[in-house]
Amino acid sequence: MDIICRERSCVYNKGFSCTSKQILIGDKINCTYYKKNDNLKNIPDTSRHIFGENPPKYHSHRESKKGCIHCSADCLFRNEQTCEANGITINCIKNMPLCATYFKK
């Protein structure tokens with residue numbers, strides 16, 4: 001399972017890939033496992049320039065293949081508190097890490 005994370009200040013973010021063994025998406029579609037790393041201030045989000053001259057370097061998603069995503073949101077992909085999407089993307093929206101894969105039921 002691919003877990004792409006664009007919240008660059010999280011301790012689990014390694015090359016836009018989440019390395020956490022578990023993830024919990026809260027009822028407000030927020031990533032509750034987000035842990036801010038104060039040493040990672042002002043890291044640019046180069047994923048926005050995927051087709052530019054210097055495309056972003058993504059880390060392998062191997063760490064997240066065995067990961068488990070629990071979800072409390074009212075989402076189309078949720079089945080009994082478990083996310084059944086092939087992968088999710090966490091995006092920083094209004095300074096919060098939110099699940100961008102969310103589809104309201």
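This report walks through the fold, core, strand pairing, cysteines, aromatic contacts and a few backbone details of a predicted model.

## Overall make-up

Let us start with the broad view. The protein chain has nine strands and zero helices, so its elements, read from the N terminus, run β-β-β-β-β-β-β-β-β. Of its 105 residues, 34% count as buried.

Contacts that reach far along the sequence are a good thing to look at next. Among contacts between residues at least 6 apart in sequence, 65% join residues at least 24 apart.

## The nonpolar core

In soluble globular proteins, nonpolar side chains tend to be buried together. Here the largest nonpolar core has 17 residues, and the members that touch the most others are Ile23, Ile25, Ile69, Ile88 and Ile90. At least two residues of this core come from each of strand S1 (2–5), strand S4 (22–25), strand S5 (68–71), strand S8 (87–93) and strand S9 (96–99).

Ile25 is a handy place to stand when looking around. Beyond its neighbours within four places in sequence, Ile25 is in contact with Ile69, Ile88 and Ile90, among others. The list of its contacts also includes Asn30, His70, Ser72 and Ala73, as well as the cysteines Cys31, Cys71 and Cys99.

## How the strands pair

S4 and S5 run parallel and are joined by four bridges. Within this pairing, Ile69 of S5 stands opposite Ile23. In a regular strand the side chains alternate between the two faces of the sheet. S5 shows such an alternation: Ile69 and Cys71 point to one face and are buried, whereas Cys68 and His70 point to the other and are not.

S8 and S9 also pair over four bridges, but in the antiparallel sense. One bridge partnership links Ile90 with Cys99 in S9. The two strands form a hairpin with two residues between them.

A further link in space involves Ser17, which sits in strand S3 (residues 17–18). Its C-alpha is 4.8 Å from that of Ile4, although the two residues are 13 apart in sequence. Is Ser17 buried or exposed? With a relative accessibility of 0%, Ser17 counts as buried.

## Cysteines without disulfides

How many disulfides does a search of the whole structure find? The search finds zero. A disulfide is a covalent bond between the sulfur atoms of two cysteines. For Cys83, the closest cysteine sulfur belongs to Cys71 and is 6.1 Å away, which is too far for a bond, because a disulfide requires the sulfur atoms to lie within 2.5 Å. Cys99 is likewise in no disulfide, with the sulfur of Cys75 as its nearest, at 6.3 Å.

Both of these cysteines are on the inside by accessibility. Cys83 counts as buried at 11% relative accessibility, and Cys99 counts as buried at 10%.

## Aromatic contacts

The structure holds one aromatic pair, formed by Phe77 and Phe103. The arrangement is edge-to-face, with 5.9 Å centre to centre and 70° between the planes. Phe77 lies in the loop between S5 and strand S6 (78–79), while Phe103 is in the segment after S9, so the pair ties together parts that are 26 residues apart in sequence. Each ring belongs to a partly exposed residue: Phe77 has a relative accessible area of 27%, and Phe103 stands at 48% relative accessibility.

Another ring takes part in a contact with a charged residue. Arg8 lies over the face of Phe16, at 4.4 Å from the ring centre.

## Positive phi values

Two loop residues deserve a look at their backbone. Gln81, in the loop between S6 and strand S7 (82–83), has a phi near 70°, a positive value in a residue other than glycine. At 41% relative accessibility, Gln81 counts as partly exposed.

Lys94 brings us back to the hairpin, since this residue lies in the turn between S8 and S9. Its phi is near 55°, again a positive value in a residue other than glycine. Lys94 is exposed, with a relative accessible area of 79%.

Conventions: Residues are numbered from 1 along each chain as its sequence is written. This is a predicted model: local features need pLDDT of at least 70, side-chain atom pairs count only at pLDDT 80 or more; totals for chains, interfaces and linings use all residues. Side-chain values use heavy atoms; hydrogens and water are left out. Buried means under 20% relative accessible area, exposed over 50%, partly exposed in between (1.4 Å probe, protein chains only). A nonpolar core is a set of buried Ala, Val, Leu, Ile, Met, Phe, Trp, Tyr and Cys residues joined through side-chain atoms within 4.5 Å. Contact means heavy atoms within 4.5 Å. Two strands pair if DSSP finds at least two bridges between them. Rings of Phe, Tyr and Trp (its six-membered ring) pair if their centres lie within 6.5 Å; planes under 30 degrees apart count as stacked, over 60 as edge-to-face and the rest as tilted. A charge sits over a ring if NZ of Lys or CZ of Arg is within 6 Å of the ring centre and within 35 degrees of the ring normal.
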